Each structure stands twice: as C-alpha cells, then as structure tokens.
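Trainee: Could you take me through the sheet in this one, strand by strand, and then show me what sits around it? I'd like a close look at that one part, with enough of the rest of the chain to place it.

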Amino acid sequence: MIPLQETIRPSADLRNHYSDISRQCREEKEAVIITVNGRGDTVSLSYEEYKRMKARLELLEILAEAEEDVKNNRVAPIENTFRDLRAILQGE
C-alpha cells in the first residue's frame with residue numbers, strides 16, 4: 001500500500017484556490033490538510049480516495065470483530081457455515 005501524500009495549506013486557500021486544491025486531491029491523490037491559525041483543522045480528499053479509505057476501515061472493523069469472536073470462543077465449525085451459506089444461496 002502506498003502511503004497517502006499530504007500537503008498543508010491555510011484555510012484562505014479554500015476560498016482563493018479551491019480548484020487547485022480539488023485538482024491536487026484528485027489528480028495527485030494527495031490529502032490536503034487545511035489549517036486555521038497554523039493548526040490542523042480539516043482534511044480534503046478526492047471522493048475516490050475517501051471511498052477507498054472508508055472501505056478499508058469497514059474491513060478492519062469486520063476483521064477486529066472476527067478476531068474478538070475467536071478470542072472469546074464465539075466460533076462455529078466451518079462445515080456449519082458452508083451449510084448455512086448453501087441454504088441461503090439455494091433459497092431454503
């Protein structure tokens with residue numbers, strides 16, 4: 001996985017250079033950190049990058065839940081899982 005590049009810009013740039021920031025997010029696949037009074041305030045991402053990050057987070061949450069289930073012995077034999085899936089797919 002390639003780390004997301006970041007650029008820091010002042011909040012005035014949102015008003016004065018929005019199209020540049022938008023292009024930078026989309027074309028250069030960068031996160032633009034917007035500062036207010038020199039401190040990080042918001043982050044701008046392309047919509048595609050946002051969707052990718054959201055999907056990764058959702059997957060990590062599912063994996064964390066699964067890991068917790070294993071730790072707490074809330075598991076079932078794989079045969080039961082496949083049987084249940086087959087029944088769902090066959091409309092039973």
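Mentor: Going from the N terminus, the order of elements is β-α-α-β-β-α-α, which gives 4 helices and 3 strands in the chain. Keep in mind that this is a predicted model. The radius of gyration is 21 Å, well over the 12 Å that the globule rule gives for 92 residues, so the chain is more spread out than a compact globule. Along the principal axes, the C-alpha atoms take up a box of roughly 60 × 30 × 20 Å. Buried residues account for just 15% of the 92.

Now the part you asked about. The 3 strands form an open sheet in the order 1-2-3, and the pairing is mixed. Strand 1 (5–10) and strand 3 (39–44) are the edges, each pairing on one side only. From one strand to the next, the twist averages 35°.

Where does the mix come from? Take the two pairings in turn. Strand 1 and strand 2 are parallel, with 6 bridges between them; there, Glu6 has Ala31 of strand 2 as its bridge partner. On the other side, strand 2 (residues 30–36) runs antiparallel to strand 3, and 5 bridges join the two. Within that pairing, Ile34 is opposite Thr42 of strand 3, and Thr35 has Gly40 in strand 3 as its bridge partner. As you step along, remember that side chains in a regular strand alternate between the two faces of the sheet. Strand 2 and strand 3 make a hairpin with 2 residues between the strands, and Asn37 in that hairpin has a positive phi near 55°.

So what covers the sheet? Helix 2 (residues 18–27) packs on it and touches strand 1, strand 2 and strand 3. The direction of helix 2 makes about 145° with that of strand 2. Strand 2 itself is mostly covered, with 6 of its 7 residues buried.

Next, follow the chain out of the sheet. Between strand 3 and helix 3 (47–71) there is a loop, and Ser46 lies in it. Is Ser46 buried or exposed? Its relative accessibility is 9%, and the cut-off for buried is under 20%, so Ser46 counts as buried. Leaving aside residues up to four places away in sequence, Ser46 touches Cys25 and Arg26. Those two fall within residues 18–27, the span of helix 2, so to speak of the loop is to come back to the helix that packs on the sheet. The side chain of Ser46 also reaches the backbone nitrogen of Glu49, at 3.0 Å.

One residue further on, the picture changes. Tyr47 lies in helix 3, and Tyr47 is exposed, with a relative accessible area of 56%. To get a feel for the reach of the chain from here, look at Tyr47 and Arg74: they are 27 residues apart along the chain, and their C-alpha atoms are separated by 37 Å.

To finish with the chain as a whole, take the contacts between residues at least 6 apart in sequence: 38% of them join residues at least 24 apart. The accessible surface comes to about 7800 Å², and carbon and sulfur atoms hold 54% of that.

How values were computed:
Residues numbered from 1 in each chain as written. Predicted model: local features only at pLDDT ≥ 70, side-chain atom pairs only at ≥ 80, totals over all residues. Heavy atoms only, no water. Pairing = 2+ DSSP bridges. Axes fitted to C-alpha atoms, helices over the stretch in contact; angles between N-to-C directions. Contact = heavy atoms within 4.5 Å. Buried < 20%, exposed > 50% of the residue type's maximum accessible area, 1.4 Å probe, protein only. Polar contact = N/O pair within 3.5 Å; in protein donor to acceptor, adjacent residues only side chain to side chain. Rg over C-alpha atoms; globule rule 2.2 N^0.38 Å. Areas by Shrake-Rupley, 256 points an atom, 1.4 Å probe, with all protein chains shown as cover.
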